[in-house]
Amino acid sequence: KDKKTSRHDAQSYRARPFDDELFEKFSHILKLHSEHNPNEQMQKVSLILPDSMFLIDTINIPTIQKKAMESSLGVAIQAIYKNADEIEYNTFQVAQNKQYTTYGLVGIRKSIISKLKAICADNQISVSNITFSANSAADAAFVLNPKLKNSSFVLLDIKERTARYSIVVKGRT
């Protein structure tokens, strides 16, 4: 079998994003997959989670020295999100003028990440990254059209029963 081939297996289930049932069903599905594919090793697996599991926000900070702005951003996050210590987040600059710098914030609860990684580890699966579905759609667009890599655009992902848009600013979803 060619090592560069890929396969897509799908298993449907319904569970609320933050409910323990989600983790139970996910664990059950991975166990079933392992039973049906005992010789297959999954390495460098990417988990694409629903957008609703992530915190997505923008924060305006007065434009000053870069280090002072980064410090102000940390203070602002702690003030806005009382549980900021429980969230793993990434920030990135979206826009800047003489008065304000706007940062994007994408985060997810650390407990969700640790539970998902533990379930995968229990099933001998190595997780290389965790992202949200809007970002994975944008990443696919980058692969299809590399000129988009550092561009700003709106991506419309049309499915049979839904349509979702992703806003990408300078290559960041």
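# A quick tour of the fold

Helix α3, made of residues 110-122, lies across β3 and β4, and runs at about 45 degrees to β4. That's a handy place to start, because α3 also gives the most to the largest nonpolar core, with five residues. One thing to keep in mind: what you're looking at is a predicted model. The chain has four helices and seven strands, and its C-alpha atoms fill a box of roughly 60 × 40 × 35 Å along the principal axes.

**The chain as a whole**

- If you read along the sequence, you meet helices and strands in the pattern α-β-β-α-β-β-α-β-α-β-β.
- The chain has 173 residues, and 32% of them count as buried.
- About 12400 Å² of the chain is exposed, with carbon and sulfur atoms supplying 50% of that area.
- Take the contacts between residues at least 6 apart in sequence: 56% of them join residues at least 24 apart.

**The three-stranded sheet**

- Look for an open sheet of three strands in the order β2-β4-β3, paired in an antiparallel way.
- Both β2 and β3 (87-96) stand at the edges with a single partner strand each, so one side of each has no neighbour in the sheet.
- From one strand to the next, the twist averages 25 degrees.
- How many bridges join β2 to β4? Eight of them do, and the two strands run antiparallel.
- To see one of these pairings up close, find I56: its bridge partner in β4 is V106.
- Helix α2, which covers residues 66-80, packs on this sheet too, touching β2, β3 and β4. The direction of α2 makes about 130 degrees with that of β2.

**The nonpolar cores**

- Here's a bit of background: in soluble globular proteins, nonpolar side chains tend to be buried together.
- In this model, the largest nonpolar core has 22 residues. Within it, F26, L47, F54, L116 and C120 touch the most other members.
- Which elements each supply at least two residues of this core? They are α1 (20-36), β1, β3, β4, α3 and β5.
- L116 is a good residue to click on: leaving aside residues up to four places away in sequence, L116 touches F23, F26, L47 and L49.
- There's also a second, separate core of 11 residues, and its members include A76, Y81, I87 and L105.

**Two aromatic pairs**

- Searching the whole structure turns up two aromatic pairs.
- One of them is F54 with F132, whose ring centres are 5.2 Å apart. Why is this pair called tilted? The planes of the two rings are at 50 degrees, and a tilted pair is one that falls between the cut-offs of under 30 degrees for stacked and over 60 for edge-to-face.
- F54 sits in the loop between β1 (42-49) and β2 (55-62), while F132 belongs to strand β5 (residues 125-132), so this pair ties together parts that are 78 residues apart in sequence.
- Are these two rings on buried or exposed residues? F54 has 14% relative accessibility and F132 has 7%. Buried means under 20%, so F54 counts as buried, and F132 counts as buried too.
- The other pair is F142 with F153, and this one is edge-to-face: 6.0 Å from centre to centre, with 90 degrees between the planes.
- F142 comes from helix α4 (residues 133-144) and F153 from strand β6 (residues 153-158), and the two are 11 residues apart.
- F142 and F153 are both buried.

**Two residues with positive phi**

- Q124 isn't a glycine, but its phi is positive, near 55 degrees. You'll find Q124 in the loop between α3 and β5.
- With 66% relative accessibility, Q124 counts as exposed, because the cut-off for that word is over 50%.
- K170 also has a positive phi without being a glycine, this time near 50 degrees. K170 lies in the segment after β7 (163-168).
- At 52% relative accessibility, K170 counts as exposed.

Terms used: Residues are numbered from 1 along each chain as its sequence is written. This is a predicted model: local features need pLDDT of at least 70, side-chain atom pairs count only at pLDDT 80 or more; totals for chains, interfaces and linings use all residues. Side-chain values use heavy atoms; hydrogens and water are left out. Rings of Phe, Tyr and Trp (its six-membered ring) pair if their centres lie within 6.5 Å; planes under 30 degrees apart count as stacked, over 60 as edge-to-face and the rest as tilted. Buried means under 20% relative accessible area, exposed over 50%, partly exposed in between (1.4 Å probe, protein chains only). Two strands pair if DSSP finds at least two bridges between them. Axes are lines fitted to C-alpha atoms, for helices over the stretch in contact, and angles run from 0 to 180 degrees between N-to-C directions. Contact means heavy atoms within 4.5 Å. Accessible areas come from the Shrake-Rupley method with a 1.4 Å probe; for residues, only the protein chains shown count as cover. A nonpolar core is a set of buried Ala, Val, Leu, Ile, Met, Phe, Trp, Tyr and Cys residues joined through side-chain atoms within 4.5 Å.
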